[in-house]
Amino acid sequence: MKYSRKTLILTIFAVLIFVNLSAQKPAIIKIDTNRKIGEIDRNIYGSFIEPLYTVVYPKLYDPESKLADENGFRKDLIELSKELKIPVVRWPGGNYVSGYNWEDGIGPKELRPIRMELAWNALDKNQMGTDEYSKFCELIGAKNFVCINAGTGTLDQARHWVEYCNVEKGTYYSDLRRKYGNEKPYDVKYWALGNEIDGYWQMGHKNVEDYCKFALEAAKLMEWTDKTIKLIACGAAEYKPDNGWIEWNRYILQHLAGHMDYLSVHRYVERPKDDFAGFMAMGCDLDRKIVINKCLIEETKYNIAYGPLTSMLQQLDQPGPKKPVYISFDEWSGAGYDLASALMVAQHLNAFVRNADVVKMANFTLLTELIGYSPEGDFKTAIYQPFYLFSNNCSGSSLDVFTDCENYSTNKFGNVPYLDVTAAYNQANDQLVINIVNRHEVKNMPTSILLQEGEFAGEAFVYEVNGKSINSVNTKDEQNVGIKTEKIKLKGNTLSYEFPCHSFTQIVLKLKSK
């Protein structure tokens, strides 16, 4: 009996030592610059503007403000937007666009009609229209991404809008643009064929068959007006438990193949109350949605090339759709403005980088939410900080990164890694960027980063987005969530670093030339 008790105590002691050593085992990140996923398209750092509530009036357009420029735009918003290097802005909606007639927003402002805006229960004075949005995009260095009205709109409204924006002169609508003071065309490249038309909340809601009939004809007329445009088809936005959204997207891809360049994906993550770990785990849902849609795109390619109705000869001659289809993740957000939301923004951008082979456009909802509003001057919100680091530093080829770290589970997701990691390699200047979110609320994560081939060169810049708590927010007077910068020395092919709890860290370094 005495021997058994001693054995039991020794066994328990050994187990405790093992558990403690396991807990202290550093995480491992392995990076191989030869394992490329795809080129990162800078359009994933896009944003979105819609005139709901105060988003446009007065946050963006406020001619009465002492901070307004000659166009009525807030100069402080323009400068902070330029720092983000936003490449593309989607406008004017959103739900708003499904009741919008673009011709209400052109011409002398005093003559523009005031309309009932049913999507957000407001009055629309139409002071921001096509010419103003295009001017704003020009000022911040962004391309235009226009969403047409596929709800209550018509085919003529769609093709005439393209004519107004992209035809140089000599037609009714191009000459109308010139008459209103804009001689050069806007050359709008990206056009969305409606917004969330599968949603019951949408004005002009359609089933998938009726939507495809409209979208196909609109695409045809718009492409005939300008053959250089890229079209974004309306993917499902209503994620019901029956997974009907998958069938909607499958039908869209099958019936609009050859006329669409992107499939639009919208996803707003849920934020569980008082559950940080559950909120952080929602980042896993982003990859799931992307991968499912990627598989649908691949399925469509295969069915077109080798479907049951295709003869053997056609199989040999037809490699697939006339043009590739990518994902435009053109509505997403961080579900708030605090540090936790900043980490969710970083996880979204990580998901887009990790799936760079298929995600070629993304647009944050909304530009004026990244930037804090004050009548006395705008400021950088907590969610601004990770967006800035990604859009300014993360480019080149996305790499397939191996990560081994502690996991956790929630009631929705199992085996959630505490470290969410991506990496990008720019071969032109031998720059490697590593993006790491530590999802743990209270625990730092000691980590070894191993370069599988080659060596690090010189020193690394380490940028950390963090705050005292997950609820830390920024205001006009207090920047509680900022970017902490430090330099660290590098040697060989191993880098050891401890990632603080509830943080986003970006490491920018050089590799020795081969």
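Is His440 buried or exposed? I open with this residue because, at 14% relative accessibility, His440 counts as buried, the limit being under 20%. Before going further, I should state that the model before you is predicted.

Let me place this histidine. His440 sits in the loop that links β20, residues 431-438, with β21, residues 445-451. Setting aside residues up to four places away in sequence, His440 touches Phe276, Tyr418, Met445, Cys501 and His502. The last of these deserves a remark: His440 and His502 are separated by 62 residues in sequence, yet their C-alpha atoms are 5.7 Å apart in space.

I turn next to the nonpolar core. The largest such core holds 156 residues, and within this core Trp191, Tyr211 and Leu432 touch the most other members. Helix α11, residues 339-354, supplies the largest share, 11 residues. What does Tyr211 contact, once its neighbours within four places in sequence are left aside? The partners are Ala150, Leu193, Ile197, Lys206, Ala233, Cys234, Trp248, Ile252 and Leu256.

Tyr211 falls within our next element, helix α6, which covers residues 208-225. Helix α6 packs with helix α4, residues 155-166, at an angle of about 25°, and the two axes are 9 Å apart. Angles under 35 degrees count as roughly parallel, so α4 is roughly parallel to α6. The crossing of α4 past α6 is right-handed. On the α4 side, the residues that meet α6 are Leu155, Ala158, Arg159, Val162 and Glu163; on the α6 side they are Phe214, Glu217, Ala218, Leu221, Met222 and Thr225. By character, the residues of this contact between α4 and α6 comprise seven nonpolar, one polar and three charged.

A second helix pair offers another geometry. Here α2, residues 75-84, packs with helix α13, residues 384-393, at an angle of about 50°, with axes 8 Å apart. That angle makes α2 oblique to α13. From α2, the residues Leu80, Glu83 and Leu84 meet Tyr384, Phe387, Tyr388, Ser391 and Asn392 of α13. In this contact of α2 with α13 there are five nonpolar residues, two polar and one charged.

Why is helix α3, residues 130-140, described as largely enclosed by the rest of the structure? The reason is that eight of its 11 residues are buried. The buried residues of α3 are Thr130, Asp131, Glu132, Tyr133, Ser134, Phe136, Cys137 and Ile140. Their cover includes two helices already discussed, α2 and α4, together with β4 (88-91), β7 (143-147), α5 (172-179) and α12 (367-370). Just after α3, Gly141 adopts a positive phi of about 80°.

That brings me to details of the backbone. Where does a positive phi occur in a residue other than glycine? One such residue is Lys85, with phi near 55°. Lys85 lies in the loop between α2 and β4, and with a relative accessible area of 43% it is partly exposed. Another is Asn243, whose phi is positive at about 60°. The loop between β9 (230-233) and α7 (244-256) holds Asn243, and this asparagine is partly exposed, with a relative accessible area of 41%.

There are also cis peptide bonds to point out. One joins Tyr57 and Pro58, with omega of about 10°; Pro58 belongs to the loop between β3 (46-48) and α2. A cis peptide bond also joins Thr365 and Leu366, where omega is about -5°. Leu366 is part of the loop between β12 (359-365) and α12.

Finally, I would draw your attention to Asn95, in the loop between β4 and β5 (115-117). At 16% relative accessibility, Asn95 counts as buried. Which residues does Asn95 contact, leaving aside its neighbours within four places in sequence? They are Glu50, Ala119, Trp120, Asn195, Glu196, Trp201, Gln202 and Met203.

To close, let me return to the opening residue: His440 is a loop residue, and its relative accessibility of 14% places it among the buried ones. Thank you for your attention.

Note on methods. Residues numbered from 1 in each chain as written. Predicted model: local features only at pLDDT ≥ 70, side-chain atom pairs only at ≥ 80, totals over all residues. Heavy atoms only, no water. Axes fitted to C-alpha atoms, helices over the stretch in contact; angles between N-to-C directions. Helix = DSSP H or I, 4+ residues; strand = E, 2+ residues; numbered from the N terminus. Parallel < 35°, antiparallel > 145°, perpendicular 65-115°, else oblique. Left-handed = near helix turned anticlockwise from the far one by under 90°. Contact = heavy atoms within 4.5 Å. Nonpolar A, V, L, I, M, F, W, Y, C, P; charged D, E, K, R; others polar. Core = buried A, V, L, I, M, F, W, Y, C linked by side-chain atoms within 4.5 Å. Buried < 20%, exposed > 50% of the residue type's maximum accessible area, 1.4 Å probe, protein only.
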